[in-house]
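Here is a short guided tour for a first look at a protein model. Keep the structure open beside you and find each residue as you read.

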Amino acid sequence: MTVGDTQLVVTPTTLNFGTGFTTRLISITNTGVGTVNWTIPAPAEPWLTISPLSGSAATGEVDAVLVEIDRSLLPAGTISTTFNVNSNAGNVPVTVNAVVLIPVIEVESGVIDTQTGLPLTNSNGQPIVELGATAASATFIVRNAGNGNLNWNIDAAAFPEWFTITPVSGSLAEGAEQTATVTVDRNRSAGPYAQTVTIQSNAGNRNIEVSMQVVGKIIIGVEPTTLNLGLFENVTSFSVANYGDPDTILNFQITSDRDWLFHNPETGFSIGLPTPVPFKDYKTIDVAIDRSQLDGSGGTGSFFMLAFVTLAGYG
């Protein structure tokens with residue numbers, strides 16, 4: 001553009017920052033005679049910086065202007081704005097274009113809620129990797145629901161001793177997802193276990209909860225293991241106790257294999273105690289026989305016990 005003897009030339013008049021650049025240069029040149037005095041209004045956009053904002057160019061002189069963008073202040077998508085180089089030799093608009101890619105992290109449990117059919121979450125919507133009382137491993141999914149690369153990681157040093165996660169990091173393109181596996185060690189004391197795991201990423205952090213329940217071991221203790229009523233006795237007894245882990249509950253049901261062999265009660269329970277034998281929660285089982293059903297040679301019978309275990313206080 002020419003006014004009098006001065007001529008203002010601005011190159012380029014379009015600045016494309018693409019998806020990664022943060023700086024660009026424009027050149028302000030006076031290709032005529034005299035002096036070009038130029039100014040650029042301070043940008044209204046907080047993410048745009050221009051320096052310097054004014055200058056003077058003699059004949060043939062070239063002034064360099066640095067144009068910078070702060071991508072952390074830009075929304076996702078294609079961004080465009082315009083600023084003017086104003087001078088005594090006319091005005092030239094300059095267009096600034098940039099593309100901002102922002103990843104979005106999503107974390108989803110690989111465990112399905114049997115009631116809803118959806119990935120398991122707590123009341124706050126946080127994913128739960130629930131391994132219950134039997135599962136050795138379970139999964140969760142890290143997904144990039146935005147654009148740009150998502151880089152995520154988990155601090156393995158923060159894991160408790162009872163589980164591991166593989167892998168603990170990854171890089172995901174737009175729309176990609178990665179499955180991580182939680183493996184638990186059930187060789188632990190009985191009880192519930194839970195731990196919050198933080199997944200860190202360049203798109204923010206997300207938490208998941210890992211939980212399991214270790215069912216205590218029961219050991220069925222019977223004292224004595226042999227009953228001998230001899231020639232004349234009709235009644236006797238034996239005791240049943242849980243010799244297993246503290247706070248476990250041994251529920252038992254007893255049956256006899258002979259019509260002449262009776263016992264009472266038929267069912268009962270015993271709570272595991274941390275005390276040694278013989279200081280256990282013994283339950284007495286009374287035994288009676290009907291000798292009228294025996295021949296002269298006597299008889300031998302057995303009791304059979306059906307047992308199962310629950311955790312005291314945990315259902």
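## A first ring to look at

Does phenylalanine 159 count as buried or exposed? The model you are looking at is predicted, and in it phenylalanine 159 has a relative accessibility of 17%. Buried means under 20%, so phenylalanine 159 counts as buried.

## Aromatic pairs

Searching the whole structure turns up 5 aromatic pairs. In one of them, the ring centres of phenylalanine 159 and phenylalanine 163 are 5.3 Å apart. Their planes meet at 45°, so this pair is called tilted. Phenylalanine 163 is buried, with 2% relative accessible area.

Another pair joins phenylalanine 238 and phenylalanine 303, whose ring centres lie 5.5 Å apart; with planes at 35°, the pair is tilted. Here the partners come from distant parts of the chain, 65 residues apart: phenylalanine 238 belongs to strand S21 (residues 235-242) and phenylalanine 303 to strand S26 (residues 303-311). Phenylalanine 238 is buried at 5% relative accessible area, whereas phenylalanine 303, at 24%, counts as partly exposed.

## A cluster, and charges over rings

Now go back to phenylalanine 159. Together with Trp162, Phe163 and Tyr193, Phe159 makes up one aromatic cluster.

Rings can also have a charged neighbour. Look for arginine 24, which lies over the face of phenylalanine 21, 4.0 Å from the ring centre. Then find lysine 283: its charged end sits over the ring of phenylalanine 269, at 5.1 Å from the centre.

## A leucine in a loop

Where is leucine 120 found? It is in the loop between strand S11 (105-109) and strand S12 (128-130). Leucine 120 has a relative accessible area of 16%, so it is buried.

Its contacts beyond four places away in sequence are Ser109, Val111, Ile112, Asp113, Gln126, Pro127, Ile128 and Glu130. You can also check the spacing to glycine 110: 10 residues along the sequence, and 7.7 Å from C-alpha to C-alpha in space.

## An open sheet

Finally, trace the open sheet formed by 5 strands in the order S3-S10-S9-S5-S7, with mixed pairing. Why do strand S3 (14-16) and strand S7 (54-57) each have one side without a neighbour in the sheet? Both stand at the edges with a single partner strand, so one side of each is left free of a neighbour there. From one strand to the next, the twist averages 20°.

At one edge, S3 pairs with strand S10 (residues 90-100) in the parallel sense, over 3 bridges. Within S10, asparagine 97 stands opposite asparagine 16.

Note on methods. Residues numbered from 1 in each chain as written. Predicted model: local features only at pLDDT ≥ 70, side-chain atom pairs only at ≥ 80, totals over all residues. Heavy atoms only, no water. Phe/Tyr/Trp six-rings, centres within 6.5 Å; stacked < 30°, edge-to-face > 60°. Buried < 20%, exposed > 50% of the residue type's maximum accessible area, 1.4 Å probe, protein only. Helix = DSSP H or I, 4+ residues; strand = E, 2+ residues; numbered from the N terminus. Lys NZ or Arg CZ within 6 Å of the ring centre and 35° of its normal. Contact = heavy atoms within 4.5 Å. Pairing = 2+ DSSP bridges. Axes fitted to C-alpha atoms, helices over the stretch in contact; angles between N-to-C directions.
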